[in-house]
Amino acid sequence: MAFAYSIFSLGDAALTVDFGNTIDEDINGQVLRLFGAVKNLSSHILDVVPAYSSLTVYYDVLSLRSKHTAAFDAMKAMIEPLLLKEANGLQLQNRQMKIPVCYEKKFALDVDELATQKRITVDEVIRLHTAKTYRVYTIGFLPGFAYMGRVDERIAMPRKAQPRTIVPEGAVGIAGEQTGIYPLPSPGGWNIIGRTPLKLFDTTKEESVLLQPGDDVSFYSISEDEFENYQSRNA
């Protein structure tokens with residue numbers, strides 16, 4: 001399927017391919033296929049950043065200007081044929097990722113409030129959160145913070161009016177129709193419903209970020225003992 005798009009400059013050394021301001025799995029799939037086609041397209045490209053419904057390409061202006069009169073026009077001319085030809089016949093390589101979460105009250109700082117607001121039980125919140133598979137749309141805010149969606153509308157909840165000054169590493173939250181995991185301690189306003197013992201960002205590993213755009217993520221419930229055992233084994 002072809003999607004309407006626009007291409008515009010983002011400063012002097014980047015361009016953005018924009019498919020509209022929306023959260024849509026099909027459009028995000030188009031973004032990720034384009035990401036796969038563009039990231040190794042040219043030595044002039046310095047970085048490629050996929051988002052929900054757009055792709056930003058950072059390029060070396062000086063090297064492009066040595067061969068072309070306008071760096072933006074040259075880069076656009078490289079990228080646009082990929083869109084026009086549906087070069088995005090590339091298939092998404094969706095990794096299946098399973099994330100353990102402890103939903104016990106000591107970790108689920110906002111689950112009671114969410115359940116009350118939604119007029120459901122805490123057990124139902126957990127059941128609904130673990131029942132779906134979530135697409136990682138993009139990474140941002142913090143290193144390794146994966147924006148995932150969409151949660152069941154029965155547990156969708158706006159960000160907290162008063163953010164916390166510190167949310168612990170591994171906290172699993174809901175904001176609107178999105179769910180995410182804090183990879184590092186940080187201020188934040190998401191509704192915290194549990195915590196994972198997994199490290200989402202680990203500089204000691206070759207792949208420092210656990211989740212990547214395009215991953216399919218599912219959550220499963222673990223006990224507090226299992227959480228602590230996992231942490232002690234991986235300390």
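**A tour of the sheets, the core and a pocket**

Start by selecting β1 and strand β2 (residues 14-18), which pair in the antiparallel sense over four bridges. This is a predicted model. Within the pair, pick Ser9 and look across to Leu15, its bridge partner in β2.

Now widen the selection to the sheet around that pair. Four strands form an open sheet, and their order is β1-β2-β4-β3. The pairing is antiparallel. Select β1 (6-9) and then β3 (45-50): these strands stand at the edges with a single partner strand each, so one side of each has no neighbour in the sheet. Looking along the sheet, neighbouring strands are turned against each other by 15° on average, direction ignored.

Next, go to strand β13, residues 216-222. Is β13 mostly covered or mostly uncovered? Colour its residues by accessibility: five of the seven are buried, so the strand counts as mostly covered, with buried meaning under 20% relative accessible area.

Keep β13 on screen and add strand β5 (residues 96-102). β5 and β13 pair in the parallel sense, over seven bridges. To see one of these contacts, select Val101, whose bridge partner in β13 is Ser221. Then add strand β6 (residues 133-139), which runs antiparallel to β13 and is joined to it by three bridges. Here the residues to pick are Thr133 and, opposite it in β13, Ser218. β13 thus has a parallel pairing with β5 and an antiparallel one with β6.

From these strands, turn to the largest nonpolar core, which has 29 residues. Which of them touch the most other members? Select Ile99, Met148, Leu211, Val217 and Phe219. To see where the core draws its residues from, show β5, α4 (111-118), α5 (122-131), β6, β7 (146-149), β9 (171-175) and β13; these are the elements that give two or more residues to it. The largest share comes from α5, with four residues.

The last stop is the second largest pocket, which holds about 350 Å³ of space. Its lining has 19 residues, and the closest to the pocket centre are Pro197, Leu198, Lys199, Leu200 and Tyr230. Select these five to place the pocket in the view. How many of the lining residues are nonpolar, polar and charged? Colouring the lining by residue type gives eight nonpolar, five polar and six charged.

Technical notes:
Residues are numbered from 1 along each chain as its sequence is written. This is a predicted model: local features need pLDDT of at least 70, side-chain atom pairs count only at pLDDT 80 or more; totals for chains, interfaces and linings use all residues. Side-chain values use heavy atoms; hydrogens and water are left out. Two strands pair if DSSP finds at least two bridges between them. Axes are lines fitted to C-alpha atoms, for helices over the stretch in contact, and angles run from 0 to 180 degrees between N-to-C directions. Buried means under 20% relative accessible area, exposed over 50%, partly exposed in between (1.4 Å probe, protein chains only). On a 1 Å grid over the protein atoms alone, a cavity is a set of points where a 1.4 Å probe fits but cannot get out, and a pocket is an open set with protein on both sides within 12 Å along at least five of seven lines; lining residues have an atom within 4 Å of a point. Grid points are joined across faces, edges and corners, and a volume is the space filled by probe spheres set on the points. Ala, Val, Leu, Ile, Met, Phe, Trp, Tyr, Cys and Pro count as nonpolar, Asp, Glu, Lys and Arg as charged, and the others, Gly among them, as polar. A nonpolar core is a set of buried Ala, Val, Leu, Ile, Met, Phe, Trp, Tyr and Cys residues joined through side-chain atoms within 4.5 Å.
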